[in-house]
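Here are my notes on this one, as numbered points you can check against the model as you scroll. Shout if anything looks off.

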Amino acid sequence: MYRFLSRTVCAARNSSVIVYESCVLPAKCEKAMAKQTEEPVVLMAEDGSTTQQQTDVKTEPVVEKPTEAAIDAAKSGKQHLLDLLVAMKVEVTSKKKFKGTTIKQNYESIKHPESKSEAMESTISMFQKATEAASPPSETLEPDLVAAASAAAATLPDSNRAQSVLLRQLRERKAITEAQKKGDMSKLGEIIADMKVGRQYSRQKPSASSQITFDDDERGYTRDRGITGELVGVRRRRNFFLAKRLNIFSPTTEDDAPTLWDMEFANNLSQVTNQAPRNGFEEMIQWTKEGKMWQYPVDNEAGLEEEASVSFHEHIFLEKHLEEGFPHQGPVRHFMELVVAGLSRNPYLTVQQKKGHISWFRDYFQQKEEVLKEANADLN
Amino acid sequence: MAAPGRHVGHYIQRNGRFLLCNIEQVLGHRSFGWTPAVRQQAAEVNQELPESIVIPKKKTWSKEAVLEALSSTVGRDPTACPYMFQDDPFLTPRTSTEFRMFALSQESGRDAAKFFINSNPKFFTKDFAEPHIPCLMPKTVSLVLEEVSEEALKERINLRKVSAAVDMYDQLLQAGTAVSMETTHGLLDLICFYCDKDPAEEEEPQREDTDSDEPKPKGRIHRASDFIKLTWKENNNAERIFNLLPERDTRCYSALIRGMVKYRAPAKAYSMYTDMLNNRVTGDVHIFNTLISSVVHLRVNYEARWELVTELLYQMNQQKIRPNILTFNSVLQTLRRCGPIGKSLSLQTVSEMKALGIAPSLATYEHILCLFHKPVAQKQYGADILQEIVSELEGTSLTCQDPNDVLFFATAMRVCVDTKELELGYKVHSLTEFGENYKLQGVPYQRSTYYGRFFNLLCMMEHVDAVLKWYRRLIPSLFYPNVQGMMDLLQCLDTDNRLDLLPDIWKDIKTVGHENKSEVVEEVLQLMAREKHSPEVQESFATCALDVKNEFEVKRLLQWSNLSLSNVTIVLLRANKTQMAWEMLELFKSYNRVPSKEVLDAFLTVCHSDGTPQKAVELVQAAAALCLLQTPTLATRTLAEFDLTEEQRAILTELEAAGEPSD
């Protein structure tokens, strides 16, 4: 329940976290059901340490604050949390949420009355994991994934080994990501992260004042949009010029390839109209056109030439790759959904690498199909 | 056990989605970063509904967009030296000649480096750039493929090795290998473009388009000389290969006809065209464009020329070929050489263009202006037409569509100068300053012609203060004025009585390198010496005159003339620099020049006011030594005005008497 409440808080702050959570949810229930005695303990121990680290190095403070608020709330009780929720101005939806969570809590308490407190703790830690997932990848894996991996592995007989194999593959991906990330943009990322932290830091008071920061955020966002709008205007003007120029340089539109004559004509035109650069920027434009200079980063895709032709949706909507070769439900499916969710937010891998990653799991689970069938028999 | 759990989970999940929707409605104006899970859910929902998600297309951003935005914030500083020279303050050009030299050497340095890199690729294998920058690496300019194949032929065509390509083609034919039509087209284009000769070694065939403007004059001159040398030879390789072809399509004819017209064989081109018609091959727009531009050489008679042009245009229409801007520009260019019938027909041509939805380019307007504007004609239509053109073009960003576009501004300004239309001139100039239109001012020569005419117009029609404002804005940051421009400015100063600025202008004249042009220097001296001014002005004039004298004496750039010597002396005398004036008088002697009566009179006046009779007597003696006609008059005046000793009187009387017989 706490998890869910804090998640609503989170939703107001950062939609991606709740989304992540909501896809995690069904699995959570299953996990709670098929809970093994030792597993959550292990998880918790790991979670505790990672959470400690995360709160220190967190790069997305927007999420961080509600996290702390949620922890406080968890300590002082449900009433406190409700107050907080009211302060967050999400009453309309929180009621319905609350119902849902109540049911769940009831369910949990019915099923495992003895492990209720444990479940509570684990849910809190789950939330921590969720926030962590939103933060850039660090050296450890997201506990959520670890949990899901262990859940998937639990269906296999040699669960420890299976879990480690799955986790190894995940770590491999992380290593690739880190390597590709460090390649060019790590510095920029750090700078931006630093800026954000600095900006948020002064306002960090775990109280109802978060409403104010919320508004601040909103304003900041619209400001950002204003700037982008300006750029769009520039772009549009540029487009206009482009349209005209194309008109010149391809006088023969019926010909697919420009002939020598066309090339020389275009050459002639550009020589005639060519003027010496009047300032440094014009010189840089000239160099860019000649290809002597790296292009000025006009978007966040500089240096991603091989990905230039790939549309964003290929990066984001990876669920379609789960259609074949994976079960439609169960822990394996849940694990894969988490993998896909993580991949979809990873900007450092190419689409090919993402597909490869998914197909590795496909092969892996197909190899273990027999075992899975046996294990899944009672689940279905 | 599992089922209820899943149900609960599902329920929560649904609620979660509901919550999300609500939040989204509340905060609808915020653009949330949707994550894939939600997307998927949304898609699932939509599967139930007939709608489907339309994934927006990827936006492509221009590489230069940011730089262009930044560049648009930088204004022009008329006091700064042009950007391209800022790296070399020592070599910053001050005159148009130096400018040309600098720009040419800069460009030839670049070309030399490029040539060296390309011809010695083995020394330039290290790639420092990460990510790789291909254009910094040496280009392959030598042939790699040695075997006889179509690939090798293509390589030779791409590297523009004309004779090697022809050899390869012949070898292929001998070996019985069929060459694809596309490659044949490339080969014919290549041969015809270079008239069956390899392009000159030092002239890079693939010239960088964006190199600074300076190579243009060089490139042009080179090419012009190439054209003069090269003419289309009977049965050259192009014709031979063409005749060997089993089937000839439009592209083959196009290459041949364009080559023939380019290398001045228009009659051959025309017969090739009729041959094409007989073979029932349709032409393309390039064939007609080139043929229309060659009509002038095909027909002598004005009417016959126009007849041929209309015939070609009709044939175009028959063959369903859409004309382009170049078609009409070449029609207008032909009309310029069609005598009196040109005027009315040119307007009809423009209407035809507009009917076809082809926007006229600057070259179109330039042809019309030239057709209508005759400097000597009684009635001036040129200004009216220009007025119309300018009001149409005002506030538009122009693009170059025809190489002749760059001639427009200079021609328009000539019309303004000839008709003395100052307002129109300003409008034309504001058109050049709009957006990137300045690029259409053309090569430096055309640009300086334009500015020269504009400045001429200003000097002629504008008030001196406005002229000086423009003077500071244009010179020397935009152009270096020629002698005529400087003379115009001096005249303008004279007209508006601002001669006190002459010393400043003299400094500028020295800056732009006209201090060795005798007409400018004489004019400056003349203007300084003509009238009396206030003492301060006279003082500055005297300094200036001494500076001018320095040019004559120390740098020996000019020869003293009577007038210049006299003018300098008078200026010095007016500023009471008697000693220097006496030195000037010595110069008269040493250069065998004769001082004018005014100089001597001015000297006497100074002597009188100084009260130095001895000097006056010396002056008269010097005049006598030069055998001047005015000596007796001077002697008489001295005798009358000065308080002289007996001895001096005797000398003067003698001189006065000596002068009389010679009178």
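1. Start with the H9/H10 pair in chain B: H9(B) passes H10(B) in a left-handed crossing. Keep in mind throughout that this is a predicted model. H9 covers residues 237-244 of chain B and H10 covers residues 250-262 of chain B. Their axes sit 11 Å apart, at an angle of about 160 degrees. The two helices, H9(B) and H10(B), are therefore roughly antiparallel, since angles over 145 degrees get that label.

2. Who touches whom there? On the H9(B) side, the contact uses Ala238(B), Glu239(B) and Phe242(B). H10(B) brings Cys252(B), Tyr253(B), Leu256(B) and Met260(B). Sorted by class, the contact of H9(B) with H10(B) has 6 nonpolar residues, 1 charged and no polar ones. The charged one is Glu239(B), because Glu is counted in the charged class.

3. Next, H21 and H22 of chain B, residues 444-461 and residues 464-474. Their axes come within 9 Å and cross at roughly 160 degrees. That makes H21(B) roughly antiparallel to H22(B), and the crossing of H21(B) and H22(B) is left-handed.

4. The H21(B) face of that contact is made up of Tyr451(B), Phe454(B), Phe455(B), Leu458(B) and Cys459(B). They meet Val467(B), Trp470(B), Tyr471(B) and Leu474(B) from H22(B). Which classes are represented in the contact of H21(B) with H22(B)? The split is 9 nonpolar, with no polar and no charged residues.

5. Have a look at the Ile475(B)–Pro476(B) peptide bond too. The bond joining Ile475(B) and Pro476(B) is cis, with omega at about -5 degrees. Pro476(B) belongs to the loop between H22 and H23 (483-495) of chain B.

6. Ala410(B) ties in with the H21 story. Ala410(B) is part of helix H19 of chain B, residues 408-419. How far is Ala410(B) from Tyr451(B), in sequence and in space? The two are 41 residues apart in sequence, and their C-alpha atoms are 8.1 Å apart. Tyr451(B) is one of the H21(B) residues that meet H22(B). Leaving out neighbours within four places in sequence, Ala410(B) is in contact with Gln446(B), Tyr450(B) and Arg453(B). Ala410(B) has 11% relative accessibility, so it counts as buried; the cut-off for that is under 20%.

7. The third helix pair is H25 (residues 518-530) and H26 of chain B, whose axes come within 11 Å and cross at roughly 150 degrees. H25(B) and H26(B) are therefore roughly antiparallel, and H25(B) passes H26(B) in a left-handed crossing. Val521(B), Leu525(B) and Met528(B) are the H25(B) residues in the contact. Opposite them, H26(B) supplies Phe541(B), Cys544(B), Ala545(B), Val548(B) and Phe552(B). By class, the residues of the contact of H25(B) with H26(B) come out as 8 nonpolar, no polar and no charged.

8. While you're on H26, check Glu551(B). The helix runs over residues 535-553 of chain B, and Glu551(B) is in it. Is Glu551(B) buried or exposed? With 1% relative accessibility, Glu551(B) counts as buried. Beyond its neighbours within four places in sequence, Glu551(B) is in contact with Trp506(B), Lys510(B), Glu515(B), Arg556(B) and Leu557(B).

9. Two backbone angles are worth a look in the H7–H8 loop. Cys195(B) has a positive phi of about 55 degrees, though it is not a glycine. Cys195(B) is in the loop between H7 (181-193) and H8 (215-229) of chain B. At 2% relative accessibility, Cys195(B) counts as buried. Asp196(B) also lies in the loop between H7 and H8 of chain B. Its phi, also positive in a residue other than glycine, is near 65 degrees for Asp196(B).

10. Finally, some totals for chain A. Chain A has 17 helices and 0 strands. Of its 380 residues, 48% are buried. Among contacts in chain A with a separation of 6 or more, 75% are between residues 24 or more positions apart. The accessible surface of chain A is about 19,000 Å², and carbon and sulfur atoms account for 56% of that.

How values were computed. Residues are numbered from 1 along each chain as its sequence is written. Chains are lettered from A and ligands numbered from 1 in the order in which they are written. This is a predicted model: local features need pLDDT of at least 70, side-chain atom pairs count only at pLDDT 80 or more; totals for chains, interfaces and linings use all residues. Side-chain values use heavy atoms; hydrogens and water are left out. Axes are lines fitted to C-alpha atoms, for helices over the stretch in contact, and angles run from 0 to 180 degrees between N-to-C directions. Helices (H or I, at least four residues) and strands (E, at least two) are DSSP runs, numbered from the N terminus. Angles under 35 degrees count as roughly parallel, over 145 as roughly antiparallel, 65 to 115 as roughly perpendicular and the rest as oblique. A crossing is left-handed if the near helix is turned anticlockwise from the far one by less than a right angle, and right-handed if clockwise. Contact means heavy atoms within 4.5 Å. Buried means under 20% relative accessible area, exposed over 50%, partly exposed in between (1.4 Å probe, protein chains only). Accessible areas come from the Shrake-Rupley method with a 1.4 Å probe; for residues, only the protein chains shown count as cover.
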